[in-house]
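Grab a viewer and something to scribble on. Here are some exercises to work through, each with a solution you can follow step by step.

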Number of protein chains: 2
Amino acid sequence: MVETQKSAGAVIIGDEILSGRTKDTNLNTIALFCEEIGIALKEGRVVADDEAAIVAAVNALRARYDYVFTTGGIGPTHDDITAECIAKAFGVLLIHHPEAMAQLKEQLGDRFNESRARMARTPEGAVLIDNPVSVGPGFMTGNVITMAGIPRVMAAMLESARPLLVGGPKVLTEVIFTSVPEGDLAAPLGEIQERFPDVSIGSYPGYRDGRIANRLVLRSIDAARLAEATRAVRAIAQ
Amino acid sequence: MVETQKSAGAVIIGDEILSGRTKDTNLNTIALFCEEIGIALKEGRVVADDEAAIVAAVNALRARYDYVFTTGGIGPTHDDITAECIAKAFGVLLIHHPEAMAQLKEQLGDRFNESRARMARTPEGAVLIDNPVSVGPGFMTGNVITMAGIPRVMAAMLESARPLLVGGPKVLTEVIFTSVPEGDLAAPLGEIQERFPDVSIGSYPGYRDGRIANRLVLRSIDAARLAEATRAVRAIAQ
């Protein structure tokens with residue numbers, strides 16, 4: 001019997017992404033990380049620095065998926081409101097986490113002040129996630145992993161969170177490039193998809209050196225079924 | 001009196017984005033387009049090629065915002081299910097749009113077949129959105145604009161949709177770079193934000209040539225208030 005995968009959602013927090021000023025890359029990093037440890041990323045939401053929006057997104061996704069990753073809004077300034085939003089979402093107190101406070105005081109010395117102490121705020125009961133890159137840790141509250149928005153820091157926090165996460169069987173992938181146009185492949189490809197409901201088959205049109213090079217992507221956690229479906233697709237893609 | 005902006009949400013559809021295989025760039029393109037015509041992009045959702053997920057996201061966002069943009073899933077293959085999902089979301093019939101059928105037959109000649117006819121499917125009552133780049137149009141159903149997933153095609157369809165959209169006052173932006181660390185700026189910056197609730201002030205930590213170069217971004221549709229807030233921020237950022 002094939003095990004099932006764990007599931008996850010992601011909440012990308014930040015006005016600067018919705019204004020177009022910053023291109024989000026964190027969703028992709030989270031997606032690849034999830035793939036690697038056998039978690040199926042099911043949904044991403046990009047929301048503004050707005051309490052109601054963040055709380056609603058976190059609550060919708062944490063009820064639906066095994067894990068939720070959030071990025072952004074855990075710095076020292078007024079627009080960093082993620083910690084209090086997660087506390088509101090869970091209905092718990094927002095505290096200054098003693099371990100985080102001790103870390104910050106040690107790392108910052110006499111630069112420690114009230115604003116920087118904001119970076120030690122977590123929902124009560126949260127577990128810290130180490131930040132090996134800069135100051136201010138991430139944290140895990142229930143099934144919600146809260147990380148920084150800066151891509152380099154976010155990636156480091158994901159690695160720190162790895163031991164806290166339970167993965168599942170990895171999705172195996174086969175990719176077939178074909179010069180057969182999508183409109184000609186569509187009917188036989190659809191038939192193969194019907195015969196293999198346990199293999200997800202995607203068709204992505206593309207070009208390479210000015211010639212059609214469509215990408216057919218087959219994905220499954222069952223190696224034998226994947227191999228069988230791949231043989232079937234190869235036969236129609238030549 | 002200052003007019004209010006129109007609002008929008010975006011639904012980015014595609015398994016390949018959630019698997020990490022493809023990096024989405026369409027959300028950023030839509031964000032910049034919205035900025036340009038005075039629409040505030042409030043939320044983005046990335047969902048799988050899954051009917052229930054697409055219908056739920058479209059219905060949530062179309063009720064909440066003036067416009068919804070969707071990308072992906074309007075090609076000829078079995079995994080292209082966006083047209084039927086939009087029809088389900090609106091509770092209307094899915095039809096072969098006569099004008100789109102005529103276009104496809106003319107453009108494709110004897111390559112026209114049943115699979116390619118899928119690209120002419122729209123919810124009943126939808127208005128076509130011209131695709132000047134490849135075959136298969138986009139369409140607008142109520143307040144929902146449905147476009148292709150290929151970035152080049154999506155960008156062209158956005159331009160085609162422009163006359164169908166009513167914008168509002170543009171957001172004006174000022175950017176200040178500062179070497180003052182975020183943790184030292186946070187308190188006075190927060191006070192300025194409280195005095196200017198009609199100006200959104202964001203603080204984004206960063207480095208340039210190994211030195212602190214934090215970016216302070218001020219945004220408002222009111223030019224006078226923006227100028228006043230910008231003067232106040234400059235004074236603390238030196």
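The exercises below go from the whole chain to single residues, and the model they use is a predicted one.

**Exercise 1. Get your bearings in chain A: find how many helices and strands there are in chain A, and what the domain assignment gives.**

Solution.
- Start with the secondary structure: chain A holds 9 helices and 13 strands.
- Next, the outline: the C-alpha trace spans about 70 × 45 × 30 Å along the principal axes of chain A.
- Now split the chain: the assignment gives domain 1 (6–164) and domain 2 (172–236) of chain A. The C-alpha centres of these two domains of chain A lie 37 Å apart.
- Then check burial: 50% of the 238 residues of chain A count as buried.
- Last, look at contacts in chain A between residues at least 6 apart in sequence: 65% of those join residues at least 24 apart.

**Exercise 2. Work out what rotation and what shift superpose chain A on chain B.**

Solution.
- Recall the general picture: two copies of a chain are related by a rotation about an axis plus a shift along it.
- Put in the values: chain A lands on chain B after a rotation of 180° with 0.0 Å of shift along the axis, at an RMSD of 0.0 Å.
- Read off the symmetry: the two copies are thus related as by a two-fold rotation axis.
- Ask what this does to the contact: the same surface serves both copies, as 100% of the contact residues of chain A recur in chain B.
- To find the axis on screen, go to Arg45(A), which comes closest to it of the residues of chain A, at 2.2 Å (C-alpha).

**Exercise 3. Take the contact between the chains apart: which element gives the largest share of the side of chain A that touches chain B?**

Solution.
- Count both sides: 48 residues of chain A are in contact with 48 residues of chain B.
- List the elements giving two or more residues to the chain A side: among them are helix H2 (26–37), strand E2 (39–47), helix H8 (182–195) and strand E10 (200–204) of chain A.
- Pick the top contributor: H8(A), with 8 residues, gives the largest share.
- Sort that side of chain A by class: 19 residues are nonpolar, 15 polar and 14 charged.
- Look for strand pairing across the chains: E2(A) and strand E2 (residues 39–47) of chain B run antiparallel and are joined by 5 bridges. One partner pair to click on is Val46(A) with Gly44(B).

**Exercise 4. Describe the open sheet of 3 strands in chain B, and say which helices lie across it.**

Solution.
- Write down the order: E9-E13-E10 of chain B, with antiparallel pairing.
- Find the edges: strand E9 (172–178) and strand E10 (200–204) of chain B each pair on one side only.
- Add the geometry: from one strand to the next, the twist averages 15°.
- Zoom in on a pairing: 5 bridges join E10(B) to strand E13 (residues 214–220) of chain B, and Ile201(B) has Leu218(B) as its bridge partner in E13(B).
- Add the helices: both helix H8 (residues 182–195) and helix H9 (residues 223–236) of chain B lie across E9, E10 and E13 of chain B. H8(B) runs at about 175° to E10(B), while H9(B) runs at about 155° to E13(B).

**Exercise 5. Back in chain A, which residues of E10(A) point one way, and which the other way?**

Solution.
- Start from the rule: side chains in a regular strand alternate between the two faces of the sheet.
- Apply it: Ser200(A), Gly202(A) and Tyr204(A) point one way from E10(A), with Ile201(A) and Ser203(A) pointing the other way.
- Check the cover: 5 of the 5 residues of E10(A) are buried.
- Confirm the neighbour: E10(A) pairs with E13(A) in the antiparallel sense over 5 bridges, and Ser203(A) has Leu216(A) as its bridge partner there.

**Exercise 6. Is Glu84(A) buried or partly exposed?**

Solution.
- Locate it: Glu84(A) lies in helix H4 (residues 82–90) of chain A.
- Count around it: 17 other C-beta atoms lie within 10 Å of Glu84(A).
- Compare with the cut-off: a buried residue needs 20 or more, so Glu84(A) is partly exposed.
- Look along the helix: the buried residues of H4(A) include Ala83(A), Cys85(A) and Ile86(A).
- Step off the end: just after H4(A), Gly91(A) takes a positive phi of about 65°.

Note on methods:
Residues are numbered from 1 along each chain as its sequence is written. Chains are lettered from A and ligands numbered from 1 in the order in which they are written. This is a predicted model: local features need pLDDT of at least 70, side-chain atom pairs count only at pLDDT 80 or more; totals for chains, interfaces and linings use all residues. Copies are superposed by least squares on the C-alpha atoms of residues with pLDDT of at least 70 in both. Two residues are in contact if their C-beta atoms, placed from the backbone, lie within 7 Å. Helices (H or I, at least four residues) and strands (E, at least two) are DSSP runs, numbered from the N terminus. A residue is buried if 20 or more other C-beta atoms lie within 10 Å of its own, exposed if 12 or fewer, and partly exposed in between; C-beta atoms are placed from the backbone. Two strands pair if DSSP finds at least two bridges between them. Axes are lines fitted to C-alpha atoms, for helices over the stretch in contact, and angles run from 0 to 180 degrees between N-to-C directions. Ala, Val, Leu, Ile, Met, Phe, Trp, Tyr, Cys and Pro count as nonpolar, Asp, Glu, Lys and Arg as charged, and the others, Gly among them, as polar. Domain bounds come from an automatic or database domain assignment.
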